[in-house]
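Let's walk through this protein together, moving from a single loop residue out to the sheets and back again. Keep the viewer open as you read.

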Amino acid sequence: MREGLTVDVEMEADLFILEHKINKYLKESHPDMSSAPLVHLVARELATNILKYGGKGFIAVKSEGDKLTIAAEDEGKVNREGGINISKRGLGIGLDVIKKNCDKLDVEQKPGGGMVVNAVLNLSQQRKEKGFAVQVGTASKPHYLEEDNGDICFYKEMGGKYFLFVADVLGHGKKAGVIAKEIELYLQNINEIDLEKIYAGLEKILQATRGCAVFLATVSQSGLEYLNVGNIKGWLINPGSGKKLNGVNGVVGRTSVGVKIFKEMLPADFVLIVCTDGIKKLFIQAADMKWLKKMDAGEAAEKILQEFAIKEDDASVLILVSESTT
């Protein structure tokens with residue numbers, strides 16, 4: 001879980017401090033959710049309840065993936081004034097508001113007085129309500145005479161962004177498969193999305209190997225950022241048009257390649273497709289791509305693999321579809 005923030009609540013002015021600190025925290029941990037209104041609403045209602053019924057206390061905010069927990073704890077107003085009659089402490093109208101605007105709510109009375117409240121919000125649902133949500137589908141297969149696959153299709157959602165990775169280790173068979181598994185293990189253990197740092201780590205892994213072609217990207221509400229080295233193919237498809245993604249020549253681990261990050265704005269309805277060269281070139285020449293938007297992203301990836309894969313090569317495809325198109 002990402003290290004969270006804690007804000008003491010004892011007076012009205014602390015409500016403004018709370019809002020400021022939550023804005024800063026969301027900007028760092030979930031850049032595309034910096035204006036999440038429900039997070040502010042729930043945190044403010046909890047803090048207001050502390051002032052009304054708990055005397056003083058604190059608000060703690062922590063995020064883990066797309067799950068955000070807002071905890072409130074107070075010492076109990078009656079208890080603070082010298083008594084222990086916690087039955088006089090009401091939950092207040094604010095908790096009704098919180099119940100309606102969070103995904104899970106736990107309320108517990110402390111034995112010595114005061115309350116502990118935990119409200120959990122699913123940020124992916126809020127992102128969807130704000131108009132940004134995606135489906136990701138992948139499909140991959142090895143050379144028809146091999147069991148090991150030298151291609152990698154990988155994605156991870158982290159910090160409000162989607163990290164996408166497609167690679168084609170040169171050659172195929174067992175040796176390519178060993179390198180591919182080492183790369184996948186590396187990707188599974190990354191804990192931040194920084195394309196340049198991830199690429200630098202990849203270069204170290206691939207030293208003294210046959211090398212690979214690679215596509216790395218982040219997708220968020222602010223757009224698409226990507227690196228593309230070698231013969232990985234990618235397209236950004238909007239309603240009525242399609243754009244081939246940029247790239248640079250080279251083989252990661254074999255040749256020195258300068259890092260170049262490309263950026264694209266994302267329209268409301270889009271489909272991103274990334275393929276290794278085991279997918280036939282004629283695939284994207286199909287003018288009518290409407291079927292892509294009518295299928296689940298995973299089903300669409302499988303369809304492309306089944307209909308356009310070259311049997312004498314490893315082949316992979318990754319599809320990311322904005323959910324508003326489904």
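Where is G65 found? Look in the loop between β2 (57-64) and β3 (67-74), and you will see G65 there. G65 is partly exposed, with a relative accessible area of 44%. Its C-alpha atom is separated by 9.3 Å from that of S29, although the two residues are 36 residues apart along the chain.

Before going further, please bear in mind that this is a predicted model. The mean pLDDT of the protein is 83, and 84% of its residues reach 70 or more. One stretch to treat with care is residues 83-91, where pLDDT stays under 50. For that stretch the model has 19 contacts beyond four places in sequence. Where pLDDT is low, predicted coordinates should not be read in detail.

Now for the overall picture. The protein contains nine helices and 15 strands. Of its 326 residues, 48% are buried. The protein exposes about 16000 Å², and carbon and sulfur atoms supply 49% of that area. If you take the contacts between residues at least 6 apart in sequence, 67% of them join residues at least 24 apart.

With that in mind, return to the strands on either side of G65. β2 and β3 belong to an open sheet of five strands, ordered β1-β2-β3-β5-β4, in which the pairing is antiparallel. At its edges are β1 (5-9) and β4 (104-109), each of which pairs on one side only. Neighbouring strands of this sheet are turned by 15° against each other on average, direction ignored. Starting from the β1 edge, five bridges join β1 to β2, and these two strands run antiparallel. Here V9 stands opposite G57 in β2. Helix α1 (residues 13-29) packs on the sheet and touches β1, β2 and β3. The direction of α1 makes about 175° with that of β1.

Moving across the sheet, we come to β5. How many residues of strand β5 are buried? Six of the eight residues of this strand (residues 115-122) are, so β5 is largely enclosed by the rest of the structure. β5 pairs with β3 in the antiparallel sense over seven bridges, and the bridge partner of A72 in β5 is V117. β5 also pairs with β4, again in the antiparallel sense, over six bridges. In that pairing, L105 stands opposite A119 in β5. β4 and β5 form a hairpin with five residues between them. In its turn, G113 has a positive phi of about 110°.

A second sheet awaits us further along the chain. This open sheet also has five strands, in the order β7-β8-β9-β10-β13, and its pairing is antiparallel. β7 and β13 (262-264) stand at the edges with a single partner strand each, so one side of each is left without a neighbour in the sheet. The twist averages 15° from one strand to the next.

Is edge strand β7 largely enclosed or left open? Six of the eight residues of β7 (residues 151-158) are buried, so this strand is largely enclosed by the rest of the structure. β7 pairs with β8 (residues 161-169) in the antiparallel sense over eight bridges, and E157 stands opposite Y162 in β8. Helix α6 (residues 174-188) lies across β7, β8 and β9, running at about 5° to β7.

Further into this sheet, β9 (residues 212-220) and β10 (residues 223-229) pair in the antiparallel sense over seven bridges. Look for F215, which stands opposite N228 in β10. Helix α7 (residues 195-206) packs on the sheet as well, touching β8, β9 and β10. The direction of α7 makes about 160° with that of β9.

Our last stop is H143, in the loop between β6 (134-141) and β7. At 8% relative accessibility, H143 counts as buried. What does H143 touch, not counting residues up to four places away in sequence? The residues are H172, K311, E312, D313 and D314. With E312 there is also a polar contact: a polar atom of the H143 side chain lies 3.4 Å from the backbone oxygen of E312.

Terms used:
Residues numbered from 1 in each chain as written. Predicted model: local features only at pLDDT ≥ 70, side-chain atom pairs only at ≥ 80, totals over all residues. Heavy atoms only, no water. Buried < 20%, exposed > 50% of the residue type's maximum accessible area, 1.4 Å probe, protein only. Helix = DSSP H or I, 4+ residues; strand = E, 2+ residues; numbered from the N terminus. Pairing = 2+ DSSP bridges. Contact = heavy atoms within 4.5 Å. Areas by Shrake-Rupley, 256 points an atom, 1.4 Å probe, with all protein chains shown as cover. Polar contact = N/O pair within 3.5 Å; in protein donor to acceptor, adjacent residues only side chain to side chain. pLDDT = per-residue confidence, 0-100. Axes fitted to C-alpha atoms, helices over the stretch in contact; angles between N-to-C directions.
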